[in-house]
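Q: Please walk me through this model one feature at a time, with the general idea before the case.

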Amino acid sequence: RAKKGNQNYLFYSSEMNRRSLDRIKLEAELHHALDLNQFELFFQPQIDLPSKKVMGAEALIRWRHPQKGMIPPSNFIPFAEETGLIVAIGSWVLNEAISQIAEWKKAGLKLNRLAINLSALQFKPQLPDELGAILSYHKIPAELVELELTESLLMGNGQSTLLNQLHNSGFSLALDDFGTGYSNLAYLQHYPIDYLKIDQSFVQALPDNQHSAAIVRSIIDIATNLGLKLIAEGVETKAQADYLAQLGCHLIQGYYCYKPMSAENFTQLLIEQQGK
Ligand code: C2E
Ligand code: CA
Ligand code: CA
Ligand code: CA
């Protein structure tokens, strides 16, 4: 008995060892991924119901690893945030996303907004200048860019100046994962937020889960009362889309409509919709 337990332990421990070695290796590789041009942006359409028109899109990063294939952001963004690498990766995302907007514009394709995720570490006083330089290089107005922020990012001191500055420059501001963060809603009144993105954990439990349904209805109420626009994310079924539309949330993003796709496929989708 004792011996068997021991063996189990040894097995478990070497398994853990292997996994942490894998992780260390992956982390070392992440340092070079930018230089080696291994990142790629995918785009997930945001759809207006019932017209099914593409109103905007969210840019989502992927790491194309030479051996491991496509690595999702959940496997490297947290580490990039711990180490501060996210600042350089985030700058790459800003450049890539805005240069992609410029490409679509050149091709005569229309996109109202492209949403870009920002990490808290990027949310620094130099951000408006960085964004301004990229936009003027590509001759793109700030109105085409939406910045997705998290509630925790808003909790820092002095964020209000930065938010106002970005908003006054023309960027749309969206609160991501809304409902999962801080329950203090007072900041919604003071900050120039344009969109609330209803978190997918609530959306996916619709329409049967009474708790989630109540939370979604409250979020929609808050948004309506404060004059904020809504996006529901993670919509996977027609029942969820119908329920949201019936409550007045017409902008949806999720597998029910489209999964995130390569720039090439998203371009194709715009061409099909706009008959170019
Ligand atoms: P997020 O910003 O909440 O993005 C939404 C995530 O939900 C994306 O995962 C998207 O692919 C996924 N999703 C969309 N529709 C559905 C659906 O119907 N069902 C389900 N199950 N999932 C859906 P993804 O692309 O793996 O990104 C994960 C997270 O990584 C993002 O969550 C965001 O926090 C972070 N991230 C992605 N790109 C960037 C980036 O460029 N910069 C930063 N700082 N973070 C990023
Ligand atoms: Ca997001
Ligand atoms: Ca989200
Ligand atoms: Ca998230």
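A: Let's begin with Pro50, which you'll find in the loop between strand 1 (39-48) and strand 2. Helices and strands here are DSSP runs numbered from the N terminus (H or I over at least four residues for a helix, E over at least two for a strand). Before we go on: this is a predicted model, where local features need pLDDT of at least 70, side-chain atom pairs count only at pLDDT 80 or more, and totals for chains, interfaces and linings use all residues. Residues are numbered from 1 along each chain as its sequence is written, chains are lettered from A and ligands numbered from 1 in the order in which they are written, and side-chain values use heavy atoms, with hydrogens and water left out.

Q: What is the peptide bond from Leu49 to Pro50, cis or trans?

A: For this, look at omega. The bond from Leu49 to Pro50 is cis, with omega near 0°. Another cis bond runs from Leu206 to Pro207, with omega near -5°. Pro207 is in a loop too, the one between helix 8 (200-203) and helix 9 (210-226).

Q: Which residue has a positive phi of about 60° although it is not a glycine?

A: That's Asn37, in the loop between helix 1 (2-33) and strand 1. Asn37 counts as exposed, at 60% relative accessibility. The scale calls a residue buried under 20% relative accessible area, exposed over 50% and partly exposed in between (1.4 Å probe, protein chains only). Asp177 also has a positive phi without being a glycine, of about 50°. Asp177 is partly exposed, at 27%, and belongs to strand 6. Keep Asp177 in mind for the metals.

Q: Which residues coordinate the calcium ion (ligand 2)?

A: To read a metal site, list the donors: N, O and S atoms within 2.8 Å of the metal (3.2 Å for Na, K and Ca), with water not among the atoms, so sites may look incomplete. For ligand 2 the donors are Glu58 (OE), Asn117 (OD1), Glu148 (OE) and Asp176 (OD), at 2.1 to 2.3 Å. Along the chain they follow the spacing E-x58-N-x30-E-x27-D. Glu58 is in strand 2 and Asp176 in strand 6, so this pair ties together parts 118 residues apart in sequence. Both Glu58 and Asp176 are buried.

Q: How many Å apart are the calcium ion (ligand 2) and the calcium ion (ligand 3)?

A: They are 4.0 Å apart, and Asp176 coordinates both. The protein donors of ligand 3 are Asp176 (OD), Asp177 (OD), Glu233 (OE) and again Glu233 (OE), lying 2.1 to 2.6 Å from the ion. Their spacing reads D-D-x55-E. Here too distant parts of the chain are linked: Asp176 is in strand 6 (residues 172-178) and Glu233 in strand 8 (residues 229-233), 57 residues apart. Asp176 has a relative accessible area of 8% and Glu233 one of 6%, so both count as buried.

Q: What are the protein donors of the calcium ion (ligand 4)?

A: Asp177 (OD) appears twice in the list, lying 2.7 to 3.1 Å from ligand 4. The separation between ligand 4 and the calcium ion (ligand 2) is 5.9 Å.

Q: Which residues come nearest to ligand 1?

A: Start with the shell, meaning residues with a heavy atom within 4 Å of the molecule. There are 21 residues around ligand 1, and Arg62, Asp176, Gln200, Glu236 and Tyr255 come nearest. Next, look for polar contacts to the ligand, which are pairs of N or O atoms within 3.5 Å; within protein, one must be able to donate a hydrogen and the other to accept it, and sequence-adjacent residues count only if both atoms are side-chain atoms. Among these contacts, a side-chain N or O atom of Glu58 is 3.3 Å from an oxygen atom of ligand 1. A nitrogen atom of ligand 1 lies 3.1 Å from a backbone N or O atom of Ile61, and a polar side-chain atom of Gln204 is 3.3 Å from a nitrogen atom of the ligand.

Q: Which elements give two or more residues to the shell around ligand 1?

A: They are strand 2 (53-65), helix 3 (85-106) and strand 6. Strand 2 gives the most, with 4 residues.
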